Structures are given as C-alpha cells and as structure tokens.
Amino acid sequence: YPWEVIKEYKEIIFSYYEGIAKISINRPHKRNAFTPLTVKEMSEAMEIARQDERVGVVILTGEGGEAFCSGGDQSVRGHGGYIGEDQVPRLNVLDLQMQIRRIPKPVVAMVAGYAIGGGHVLHVVCDISIAAENARFGQTGPKVGSFDGGFGASYLARVVGQKKAREIWFLCDQYNAQEALDMGLVNKVVPLDKLEETTIEWCRKMLEKSPIALRMLKAAFNAELDGQAGIQQLAGDATLLYYLSEEAKEGKNAFLEKRKPDFSKFPKFP
Ligand code: 1HA
C-alpha cells in the first residue's frame, strides 16, 4: 500500500493512506519497546490524526513483524519512571492510553508478534484488535517490578472477564493468537501476510459508515465505564449535534443581534 509519510519522527513511522492514519513504533531491535520519546512522538501523531479531517480511522502497530510492542524500554527505566534525554522520569504512556480512548475515531491495533507488558495494554485500549497468527499476548509487570492498575487492569477485566484478567496479571503467562481470540481479547486472527490487507479492509468498512454514528458509539461505550469523564465526552458530542441545529443557532443569533431569543417555533418533542 502506498502509505505517504505525514511527518518524520525518530522512533515511529507516521503515515497516511485513503482515510487511514498509521502510527507504527519503529524500534524492532528492541521488540518495539517504547521510550519517553517514542510515546511523545506517538502522542503528537495521535493528536495530528485527531485534528486531520481526512482521517477517519487510526491504525496502531509496530514495525518488523516480530513485535507490536514489548512495553516500556527497561534499559531506560530509572528512579520513578522511564528516562529520556531531559533526564526526567516519566510514565507518559498513560496519557497516550487516554488519547486512544478519547479520540472520536476508531483506533485499530494491528498486532504481529509480541504485545507484551505496557505494549499489551496499548492494544487492549484500542477499539479493535486484529492479530497475525504469530501474535503473542501477555503482561509481565509482577515479574519485572511494575503494574498497570489503570485501564491495563480494569478495562482488561471488562474485555476478558475478572477471572481471566487476574490470571493474565498474576501468572504473567503468554497467550497465542487463537487463545486471545477465544477469550475475546482480539477481534480476528489472520496469517501474517494478510494482516495489513485485513486491517485495511476492516478500516474501509468503518470509513464507509456515518462518522458521527461511530463517534457517538465510541463515546457511549466509554461513558458506561468512565464515569463523569465518560459522560463529559458523550455530552460534548451532544453539544456538537445541538450546535448544528437551528434552535441552538437562534440563541446565539439573538445574543449577537441584541434581541430576545424566540424559541417558540421549535418543537417540544414528546
Ligand atoms: O508496566 C508499565 C507501566 C505501568 C504503569 C505506568 C506506565 C507503564 C509503562 C510501561 C510498563 C511496562 O511496560 S512494564 C513491562 C516491560 N516489558 C517487559 O517486561 C517485556 C520484556 N521483553 C520480553 O519479555 C521479551 O523481550 C519478549 C517476550 C517481548 C520477546 O522475547 P524474544 O523474542 O526472546 O526477544 P528478546 O531476545 O528478549 O528481545 C530482543 C531484544 O530486545 C533484546 O535485546 P538484545 O539482547 O538483543 O540487546 C531485548 O533485551 C530487547 N527488549 C525486548 N523487550 C524489551 C527490550 N529491551 C528493553 N525493554 C523491553 N521491554
């Protein structure tokens, strides 16, 4: 596929093709483990994808076919977080998880090889996960001295159930693609050489649908789980729709024209 680079980065590849933005971690020598810079670049790309009106769907993936992402780069893990050039310890992947959840467009994890640790959590928070047959899933926190008790625990439990989520975290075993499919952790498993083709096919099916309907559904799925913050997102979308109406425009116009608003002509639906 003729992906065109949207912006050049050091540790990711950010590209565009027919309504789809692809954010791909480019550290295959480290099984696509992320540093603070990788995450910063992914965050910026996600924001660009959000603002870009051409983009209807985002694919999150990793280069090389051997790993989606193996989590935080343990070689830069320091005192209180992962340390970048500025020497400041960070857990900035948590902000990226929030962005994936908040962006009002579907985000699809395209998983080849390992999705492990913080890399596993990244695919978990995506809306859809498509796995290659070589995909392997698992958490490692309790083995390497870490844990993600946020979406990594609570949302994982919503996806696979409480018993399975506790097993995944407490035992730190790895699961193959078929096992992941069986527990509802991924949507589909395909041969590695069909992974991108299938993912694009799924993206195209979503791109043919009403963007506002998809947006409202994503907000609604989140709202049930995210409490006040989830309702804020859904309510914001309700305001967006209201701003499109003549009724809302009458309020604004009356203010600008320094007159009393006349809402009498608008229906009072049962
Ligand atoms: O838990 C959190 C957080 C929680 C709250 C808030 C923020 C968080 C942020 C991050 C995280 C975490 O991600 S903790 C979990 C960190 N990740 C791991 O424990 C996975 C470590 N990697 C592995 O277990 C394995 O490498 C693997 C199962 C993914 C692949 O195994 P394989 O195919 O045998 O390859 P391997 O030889 O181990 O790896 C290839 C190279 O990549 C090795 O380097 P080399 O010896 O060639 O120099 C290996 O060291 C490197 N590598 C792989 N994963 C990582 C890594 N280097 C640093 N960090 C890694 N995560």
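A cavity, as the word is used here, is a set of grid points in the protein where a 1.4 Å probe fits but cannot get out. Keep that in mind as we walk through this predicted model. By that rule, the count comes to 1 cavity of 30 Å³ or more, and the largest cavity has a volume of about 30 Å³.

So what lines the largest cavity? Look for Phe34, Thr35, Pro36 and Val39, then jump along the chain to Tyr82, Arg90, Leu91, Asn92 and Val93. Sorted by class, this lining has 6 nonpolar residues, 2 polar ones and 1 charged one.

Some of those lining residues bring us to a little sheet. Tyr82 and Arg90 both line the cavity, and they fall within β7 (residues 81-83) and β8 (89-90) respectively. The sheet here is an open one of 3 strands, in the order β6-β7-β8, and its pairing is antiparallel. At its edges you'll find β6 (77-78) and β8, each of which pairs on one side only. Between β7 and β8 there are 2 bridges, and if you want a spot to zoom in on, Ile83 stands opposite Pro89 in β8.

The other sheet to look at is open too, with 4 strands in the order β5-β10-β12-β13, and its pairing is mixed. β5 (67-69) and β13 (175-176) are the edge strands; each has a single partner, so one side of each is left without a neighbour in the sheet. Further in, β10 and β12 (residues 136-138) run parallel and are joined by 3 bridges. One pairing to pick out is Ile116 with its bridge partner Gly138 in β12. As a quick reminder of what holds such an arrangement together, strands of a sheet pair through backbone hydrogen bonds, either parallel or antiparallel.

Now for the ligand. Which of the 24 residues around the ligand come nearest? They are Gly72, Gln74, Gly118, Thr140 and Ser146. Two of these also show up when you go atom by atom: a polar side-chain atom of Ser146 sits 2.6 Å from a ligand oxygen, while Gln74 uses a polar backbone atom, 2.9 Å from a ligand nitrogen. Arg31 joins in as well, with a polar side-chain atom 3.1 Å from an oxygen atom of the ligand. On its own the ligand has 1,100 Å² of accessible area, and the protein covers 67% of that. The elements giving two or more residues to the shell are α2 (93-102) and β10 (114-116), so-called β10 being a strand of the 4-strand sheet you just visited. By class, the shell has 10 nonpolar, 10 polar and 4 charged residues.

How values were computed: Residues are numbered from 1 along each chain as its sequence is written. This is a predicted model: local features need pLDDT of at least 70, side-chain atom pairs count only at pLDDT 80 or more; totals for chains, interfaces and linings use all residues. Side-chain values use heavy atoms; hydrogens and water are left out. A residue is near a molecule or strand if one of its heavy atoms lies within 4 Å of it. A polar contact is a pair of N or O atoms within 3.5 Å; within protein, one must be able to donate a hydrogen and the other to accept it, and residues adjacent in sequence count only if both atoms are side-chain atoms. Accessible areas come from the Shrake-Rupley method with a 1.4 Å probe; for residues, only the protein chains shown count as cover. Ala, Val, Leu, Ile, Met, Phe, Trp, Tyr, Cys and Pro count as nonpolar, Asp, Glu, Lys and Arg as charged, and the others, Gly among them, as polar. Two strands pair if DSSP finds at least two bridges between them. On a 1 Å grid over the protein atoms alone, a cavity is a set of points where a 1.4 Å probe fits but cannot get out, and a pocket is an open set with protein on both sides within 12 Å along at least five of seven lines; lining residues have an atom within 4 Å of a point. Grid points are joined across faces, edges and corners, and a volume is the space filled by probe spheres set on the points.
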